[in-house]
Structure formats: structure tokens, C-alpha cells
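Colleague: I'm new to this structure and would love a close look at a single part of it. Please pick one stretch and walk me through it step by step.

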Amino acid sequence: MIAPDKLGPTLCIGELLVEIVACEPGTGFTEPLHLLGPFPSGAPAIFSDQCARMGSHSAMVGAVGQDDFGRVCIERLAKDGVDVSAIAEIPDLPTGTAFVRYRPDGDRDFVFNMWTSAAGRLSWTPTVEQAASCSGHLHVMGTLLSNPAVWPLIDRAADMIKDRGGSISFDPNARKELRLDAQTQIRFDALLAKTDVLLPSGEELMAAAKAGSESAAIKALFSLGIQEVVVKRGADGATAYTSHGDKFVQPAFAVDEVDPTGAGDCFGGAYVAARRLGADVETALCYGAAAGARNVAFRGPMEGAGTRVELNHFITENRLRI
């Protein structure tokens, strides 16, 4: 079962960066462009922010530079209620950046400065240990498993949190930039064996379970001890399966998409927060879908993260794609 909020915050470990978005669609960054930003970003940060906005306790482990971009990230998370005490400020490296341009077909081109920036200077410190020792849940992004410097922190925090009765959620978050080499696959499988809630997309579901169909994948994942599998389907909504045999289907909300970046992270943050605050799976699934849909209507990766009141209003006022 997912651990209740009263056990301690949901902890995220990973990249903190700012995002700069090209205003015009096109391919790449080979010419001068109109750009918009900086927006606070990083998949774990977006997830943490949405958790906190829902009213759940949330904490972030990461690193930023001692610069304006770093201040943008820390101030935004703190304002929204995230515990930022375990975010390090690195004096000799800049805050990480991501430049994003949307192609006409909706795909994206990225230019990252992530692991060679302050975001890559993560280490286990007394402050990180304190954050992990009082947390009740750990959320992990799959993109972090390929980083040999970050994996030891995740592995250590996971064991600490599970030992005190906490739980783990895992978003494979697979991108074309991520390649599962042999070592990363070992880490992936090790984390999967500790996971309580899995939040994959359709393709990630098959890859995680090494199965050829959704039903076979669900069965294989439950055999590992996973309790809930929530499949994100974008404009086609989402489906939640439980180890008790329940299945819940949530249609997507109809919105005018402005910026899809961060939708899956907001979905996951709202879902996990709702479950930790006592909502049943069906209710949490609705909050997740609303959070993801609301976020895509705003420019910037976490600018549409909604409070519980805002999401209740969104659910009431927006129709479903049926």
C-alpha cells in the first residue's frame, strides 16, 4: 500500500534546472529565435511542486548554482510548499538549463546542460540523510537511473524509506535520449522490485514488464509485488490497475494544448499526493488527469500545476474526451 501522508513527505531526488522555450515552432536552434523563460523545471521538481500544490507534504533533493536561475527554482518550489532544505547551492557551477523547441508535428528538440551543471553535483550529505530519514514516500524518475552518481542516493534513500514503512512510486520517463545499457537495466530492475506504484506510458509498460501485451505486462508487474499500475495515455486518458483485480478508466479532459512539457509529471504528482492523502484510486486517477490537462494549457513546464481547489474547479468546468 502507498504510505499515508502523515508518515512524512514525498521525497524526490534529481535534476533542478530552468527551461527556455522557443516561441516559434521549427527544428533545432541553428538561428536566432525569440525565447521565453526562464521557467523552473526538471521532472522531479515538477512532480514535487504538484504534490505540494495538492496539499501533500513534499521534499526535494537537488542542486543549483548560486545564480538567478537557481533562485528562480528554489523560490518557486518554496512558495508552493516544497521543503527545499536539501537543495544544495553550488558556488562554482551554473544552474542546469534546457532549451526547448517544438517541431510542427509536436515533437521537441532539446539542448541540455544538465549533468555537467550544478544539477550533476549531487552527493549524500547529512542534510540529504535527514530528508530521507523522515520521508514517507520516494518518487523516482527513470531518466536518473543511467547516472552513476545519482543512483547511489536513490538506492540508499529507497531502503531507508521502505525500512520505516514507506512506499515508492516509479515513473520510467523513458525518452529517446535515454538508452538502457546493461548497468542501467540492472538498476531499473532493482528499483522495479521495490516499487509500490508504477506510472508508465503505454510503451514504457511493455518495456518494464518485458511483455508483449498490456494484460501480460500487468500480470508480470503484479507478480513483482507492485500494488498499482497507472498507465498514462496522453490525449486518450489513463487506466489504473490494482493488484486486487480492479481496473479504472479515466478519459482525458478536453483542453487547448499550449505546452505539453510536464504534463506527465503533474499527473503523477497529483495522483501520488491524492493517494497519500487518502483518496481512492478512482478519485486519484481523476485528479491526475486533471492536473496533466490543466498544465498543458499554460506555457512553461510547471506553470499550470494546480491546487486541490483549482483542480476541483477544473474538473467541474471542463468536459471529458469521450
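**A helix and its surroundings**

Modeller: Happy to! Lys210 counts as exposed, at 57% relative accessibility; exposed means over 50% relative accessible area, buried under 20%, and partly exposed in between, with a 1.4 Å probe and protein chains only. The model is predicted, so local features need pLDDT of at least 70 and side-chain atom pairs count only at pLDDT 80 or more, while totals for chains, interfaces and linings use all residues. Residues are numbered from 1 along each chain as its sequence is written, and side-chain values use heavy atoms, leaving out hydrogens and water.

Lys210 sits in the loop between helix 6 and helix 7. Helices (H or I, at least four residues) and strands (E, at least two) are DSSP runs, numbered from the N terminus. The phi of Lys210 is positive, near 55°, in a residue that is not glycine. For comparison, most residues other than glycine have a negative phi.

After that loop, let's move on to helix 7, which covers residues 214-223. Its buried residues are Glu214, Ala217, Ile218, Leu221 and Phe222. They lie on the same side of helix 7, because they cover an arc of only 130° around the axis; that arc is taken from the directions between the helix axis and the C-beta atoms. A general rule helps here: an α-helix has 3.6 residues a turn, so residues three or four places apart point the same way. On the face turned away from the buried side, helix 7 carries the exposed residues Ser215, Lys219 and Ser223.

What does the buried side pack against? The partners of the buried residues are helix 5 (182-192), strand 10 (197-198), helix 6 (202-209), strand 11 (228-232) and strand 12 (238-242), where a contact means heavy atoms within 4.5 Å. Strand 12 gives us a good example, since Thr242 is found there. Thr242 is buried, with a relative accessible area of 6%. Leaving aside residues up to four places away in sequence, Thr242 touches Phe222, Gln227, Phe248 and Val281. One of these, Phe222, is among the buried residues of helix 7.

Finally, helix 7 is followed by Gly225, and the phi of Gly225 is positive, near 110°.

To place this part in the whole, the chain has 10 helices and 13 strands. Buried residues make up 55% of its 322 residues.
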